[in-house]
Amino acid sequence: MASNITQEADFQVFAQQWTKTIDSYLLAEKPTLNLVAANDPLWEQALCAAIFDGGKRTRPLLTILGWQVVEARLPDAQDSVLKVAAAMEYIHCSSLIFDDLPCMDNATLRRGSQALHREFGQDKAILIALSLLIKGMDLVIKAGLKSLPSSSYGELLSLLINTIGSTGLICGQWFDLSAKQSEIPHKLPSKLAAQLTELRNLKTMPLLKLALTSGAILGGATAIELAALGDFAQSIGSAYQLIDDLLDLISDSKYSGKDTSLDLRNDRLNTAHQDINQIISQLQHTLGMARIAVAQDLPCGDNYQYLDAFVRYLVAQLNTILENIAPEIKMEQFYSR
Ligand code: GRG
């Protein structure tokens, strides 16, 4: 089993330590067809392409992180944590499949491979996406039932429903599909601009937040810790979306593994449509807020270091993008307290 968090927190190392375990849960828990049809090779092929063709596993890693940050206080919850971690990846993969469909973003590439509907047809892709979403929900429900007292279980379920439903991912996607970049005036009042960004972030942020806080709930987090982690996730969710927007603009599928300039082609909002220095200061501010959110209310020990490490990981990701488009610009790293 992977080791615990250490003092020299490096998120890449943490990711390497846990990825094998996450992948073994993804394999063991994957949705199956009814027994009579259980060995349909096409189902297996499509499902494995949806889950195992690449992916950084950010969301399951955040679940494990949330659990460890609050020091895994509930006994015997590790198996439940790993099932919920797998659930987060299933829900994420499901959202990617839906997002890529011709009726949504009409993408051709995902994670360096053909988008699922291009390889298996829209009919099959939609069924795989639905099965992943439902399996993800099933895993969270069963893990919560097994490992949580009823009040925390209710909280977890409510978080789950609000994340994937019309107040969360679906709202973000709805808004993403409706708003046209070309119809947004260049100089918007800052309050309105912030509201637009917040709405659009709903397609990304809530699942990152659910991932981190579900792990913390299974670790026995207090209400204060959960609120702090929720605020942290809110900020990193915004940063994550901004970096994703930037990736869309740089036109280098070899690096991103997906179609680029999709937002431009589809006239979608893209928060990275601005001066690169402005993007950097926006990220500096957002990630700074993430650190402040947890600095006050979480213990200052080794585990906190990994939240900081996640922030540094995002900065490193951004700097890799900048190397391609503006090598003279580099975002400064944050350092641990
Ligand atoms: C209720 C499941 C569900 C979906 C309905 C289609 C939809 C609503 C939402 C789409 C949400 C979406 C695809 C947002 C983009 C999120 C994002 C930043 C994806 C890229 O994440 P990475 O970089 O990707 O973590 P990898 O491939 O590394 O996992």
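This text walks through a predicted model, from its ligand site to its cavity and a few single residues.

Start at the ligand. Around the ligand stand 21 residues. The closest are Lys56, Arg59, His92, Arg111 and Tyr240. Three of these names return in polar pairs with ligand oxygen. Tyr240 places a polar side-chain atom 2.6 Å from an oxygen atom of the ligand. For His92, a polar side-chain atom lies 2.8 Å from a ligand oxygen atom. Arg111 also has a polar side-chain atom 2.8 Å from an oxygen atom of the ligand.

Take His92 next. Its place is in helix H4, a helix that spans residues 78-100. Is His92 buried or exposed? His92 counts as buried, because its relative accessibility is 10% and the cut-off for buried is under 20%. That figure takes in protein chains only. Beyond its neighbours within four places in sequence, His92 is in contact with Arg59, Arg111 and Leu207. Arg59 and Arg111 are also among the residues closest to the ligand.

Now follow the contact from His92 to Arg111. Arg111 sits in the loop between strand S1, residues 109-110, and strand S2. Its backbone deserves a look. Most residues other than glycine have a negative phi. Arg111 has a positive phi, near 50°. So this loop residue combines a positive phi with a polar side-chain atom 2.8 Å from a ligand oxygen atom, as the general rule covers most residues but not every one.

Where else does a positive phi appear in a residue that is not a glycine? Asp267 has one, of about 55°. Asp267 lies in the loop between helix H13 (262-265) and helix H14 (276-297).

Go back to strand S2, residues 113-114. Ser113 is in this strand. Ser113 counts as partly exposed, because its relative accessibility is 22% and the range for that class runs between 20% and 50%. Not counting residues up to four places away in sequence, Ser113 touches Asp53 and Thr108. Ser113 can also be paired with Lys258. The two are 145 residues apart in sequence. In space, their C-alpha atoms are 8.0 Å apart.

Strand S2 also leads to the cavity. The structure holds one cavity of 30 Å³ or more. The space in the largest cavity is about 140 Å³. Its lining is made of 14 residues. Closest to the centre are Ala49, Ala50, Ile97, Arg110 and Leu116. Which elements give two or more residues to this lining? They are helix H2 (41-52), helix H4 (78-100), strand S2 (113-114) and helix H5 (116-120). Helix H4 supplies the largest share, with four residues. Helix H4 is also the place of His92, so the helix that holds this buried residue gives residues to the cavity lining too. What is the make-up of the lining by class? Seven residues are nonpolar, two are polar and five are charged.

End in helix H6, which covers residues 122-147. Ser131 is found there. Ser131 is buried, because its relative accessible area is 14%, a value under the 20% cut-off. Leaving aside neighbours within four places in sequence, Ser131 is in contact with Pro31, Trp43 and Leu47. The two serines thus fall into separate classes: Ser131 is buried, whereas Ser113 is partly exposed.

Terms used:
Residues are numbered from 1 along each chain as its sequence is written. This is a predicted model: local features need pLDDT of at least 70, side-chain atom pairs count only at pLDDT 80 or more; totals for chains, interfaces and linings use all residues. Side-chain values use heavy atoms; hydrogens and water are left out. On a 1 Å grid over the protein atoms alone, a cavity is a set of points where a 1.4 Å probe fits but cannot get out, and a pocket is an open set with protein on both sides within 12 Å along at least five of seven lines; lining residues have an atom within 4 Å of a point. Grid points are joined across faces, edges and corners, and a volume is the space filled by probe spheres set on the points. Ala, Val, Leu, Ile, Met, Phe, Trp, Tyr, Cys and Pro count as nonpolar, Asp, Glu, Lys and Arg as charged, and the others, Gly among them, as polar. Buried means under 20% relative accessible area, exposed over 50%, partly exposed in between (1.4 Å probe, protein chains only). Contact means heavy atoms within 4.5 Å. A residue is near a molecule or strand if one of its heavy atoms lies within 4 Å of it. A polar contact is a pair of N or O atoms within 3.5 Å; within protein, one must be able to donate a hydrogen and the other to accept it, and residues adjacent in sequence count only if both atoms are side-chain atoms.
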